[in-house]
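This note is addressed to a colleague who is meeting the structure for the first time. The points below are best read with the coordinates open.

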Amino acid sequence: MSPVSMLLVRAVPLRPGFTRLVVSARSRPPFASVMFFSSAPPRPPSPPSRLSFSGGHKSDPRSVRIAAFAFGAVLTAFMLGIAVLKADAEPSDMPPAPKGYQTVVSAVDSTQMRQMETARSASIWLWGGGATTGESKTKSAPQKILEVSDQPLRHLALSPARMIAAIDLKGTLLLYSPNLSNAAVPILESPELVFCEFSKNALLALSKSGIVYKIDLSKLVPVIERLKSNFVDQKPKTLSLFQSLVMTGVAVDASAVEKLPAPERILSISTGESHVLALSESGKAYSLALNEEGNKSGQLGFQAEAISREFKPVAFPAALGGSRIAQLCAGSAFSLARTTDGRVFSWGDNRYGQLGTAKRVGVDIASRSVPAEVVIPNTSSSGGKCLQIACGKDTAVMVVDSDHTTSVYSFGMGQWGQLGNGKFMHVCNTPQKIMELSELREYNEAKNTVVPIRIASLAMSASATHALAVLDISASSGAQSAFGRDVFAWGSNESGQLARADGKASNSAVPVWVTPVTISGAKGLPADEKEFAEESGKRLEWNPKSYGRLQVAGPGKIPLHPSKSVWFGSSMAVVEQAFAVADGVTALYSRVV
């Protein structure tokens, strides 16, 4: 027998102007009633109705409507009660929260703040094929290394040859390779060094004053091998000051390090496989070939009969107008430029559509030395402007922002999924939206409204066929120093360079979460970090709801060890976590902002 076996509805008059409607259910318990009161004036008697209720009482159409409404209210309440009881009885599919965590976080507690600080000072983590040992074995789990530095860096770069170049807080350019030595070797010292990046056979460095250095690796590596005998034990260390001076002197004498002349002060550089782009303080773009292949596809942006040893200006078309260049990036043999007004120009190799020129007649060709403007989708209607560009080996990515949304587009080679658009395709000459990174929004408590989630940074390189993106969640939520930023990776994973959080070893044509950095994976951790590792569950995760995925720290102040601080400088530094990539390898490190 059902819980409700009979439902009785009766309209009982009380006094002039008031009527009581009684809804009765004969069940267990045997009787229940709901009463509605009406203050409407009394109505004249209505003609007999064909619809009758229990007891033979007649009712007019108005009473019928009221009765139907009451019946619906009772039935709805009854069903909701059953649904609530069922939901309470069913177990949750969510993983249990770690001990000490709350399921809902209303404020940042001291544990989260300490985790954030530890993440910023967590040195260098590497994953990918032979990333930490030089072996060919895949290393998909992030591993911490202390051979380069145990402090935040000004910059870090990776090479396909498993070399690491890093600039420490004092401006020393360090070079480390597990195949050469068991510690980082200082190759160039200048308090002003701020940036470094590998090409195929050289290492480029930039100083704050705008000087560009080229270090010929083919000449430098033999020098390092001769000094390898200085490392008689297996403890991480750097060369002494005397050895450093000898090292630098030998390198200079061997012409391994040279300055590249430029017509004006250089603010930033970007290197391809055989060419380098330079952005000046006046907003002009310059380029230079590093070897005979440096302009084979027109990647310098002008026709060149012979290889020049000086930077030359890129020959932009009249369409550039009076716009200044805001950013340059180099792929393996192609180049992109972003202007201050949000437009993008491309030139060089176009075999895979990496110039993004679509099917325009005379523009969509195999290669071109004259820059052409990339048509960015939907910018005329949304008012969007390109605010970031990044280049992989044969792939390009653009971040387009408007007042209400952020969209990410890619074009070029996508054989290993590096387009991120869900397809494995060899050629894509039209910008395609990466849906997983586009039009994301979150609620901003400070503004009491929904705001777009921006892209904090992109990590790509001229040798890599994978990419990473960091979401600027902390900025849109108004808590930059309190919460972590989500990280997504996509593209080739043949060496484990994606470190997929889902544990899969396959390539990914869509952005996926990255495995969290685990403190227990470090080699030679200091005692204080080991103690903290036990307290925090051995994972650098500070958002209790972010189980199983990596989040990185945004800008924040951390104390520096007295022996590691900048000469005559402050013992505090503003640091954030950043990525560097190369063919088959990924690095996460702490960078001074």
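1. Helices and strands are named here as DSSP runs, at least four residues for a helix and at least two for a strand, numbered from the N terminus. On that basis, serine 438 lies in the loop between strand 25 (432-433) and strand 26 (441-444). The model is a predicted one.

2. As to the chain overall, 7 helices and 35 strands are found. It has 593 residues, of which 50% count as buried. Among contacts with a separation of 6 or more, 52% are made by residues 24 or more positions apart. The exposed area of the chain is about 28,500 Å², and carbon and sulfur atoms supply 55% of that area.

3. Is serine 438 buried or exposed? Its relative accessibility is 6%, and because buried means under 20%, serine 438 counts as buried. Its side chain reaches the backbone oxygen of isoleucine 434 at 2.8 Å. Leaving aside residues up to four places away in sequence, serine 438 touches Thr406, Ser407, Val408 and Lys433.

4. Lysine 433, one of the residues that serine 438 touches, also takes part in a salt bridge: its side chain meets that of glutamate 439, at 2.8 Å from N to O. Glutamate 439 is partly exposed, with a relative accessible area of 39%.

5. How many salt bridges does a search of the whole structure find? The search finds 14. In general, side chains of opposite charge can pair when their charged atoms come close.

6. One salt bridge joins the side chains of arginine 454 and aspartate 401, at 3.8 Å from N to O. This pair links distant parts of the chain, 53 residues apart: arginine 454 is in the loop between strand 27 (449-452) and strand 28 (455-459), while aspartate 401 is in strand 23 (residues 395-401). Aspartate 401 is buried, with a relative accessible area of 15%, whereas arginine 454, with 23%, is partly exposed. The two residues fall into separate classes because the limit for buried is under 20%.

7. Another salt bridge is formed by arginine 485 with aspartate 472, whose closest N and O atoms are 3.1 Å apart. Here too the pair links distant parts of the chain, 13 residues apart: arginine 485 belongs to strand 30 (residues 485-491), and aspartate 472 to the loop between strand 29 (466-471) and helix 6 (473-476). Both arginine 485 and aspartate 472 are buried.

8. Which residues are linked with Asp472 and Arg485 in a network of salt bridges? The network also includes Glu576 and Arg591.

Notes: Residues numbered from 1 in each chain as written. Predicted model: local features only at pLDDT ≥ 70, side-chain atom pairs only at ≥ 80, totals over all residues. Heavy atoms only, no water. Salt bridge = Lys/Arg side-chain N within 4 Å of Asp/Glu carboxyl O. Buried < 20%, exposed > 50% of the residue type's maximum accessible area, 1.4 Å probe, protein only. Polar contact = N/O pair within 3.5 Å; in protein donor to acceptor, adjacent residues only side chain to side chain. Contact = heavy atoms within 4.5 Å. Areas by Shrake-Rupley, 256 points an atom, 1.4 Å probe, with all protein chains shown as cover.
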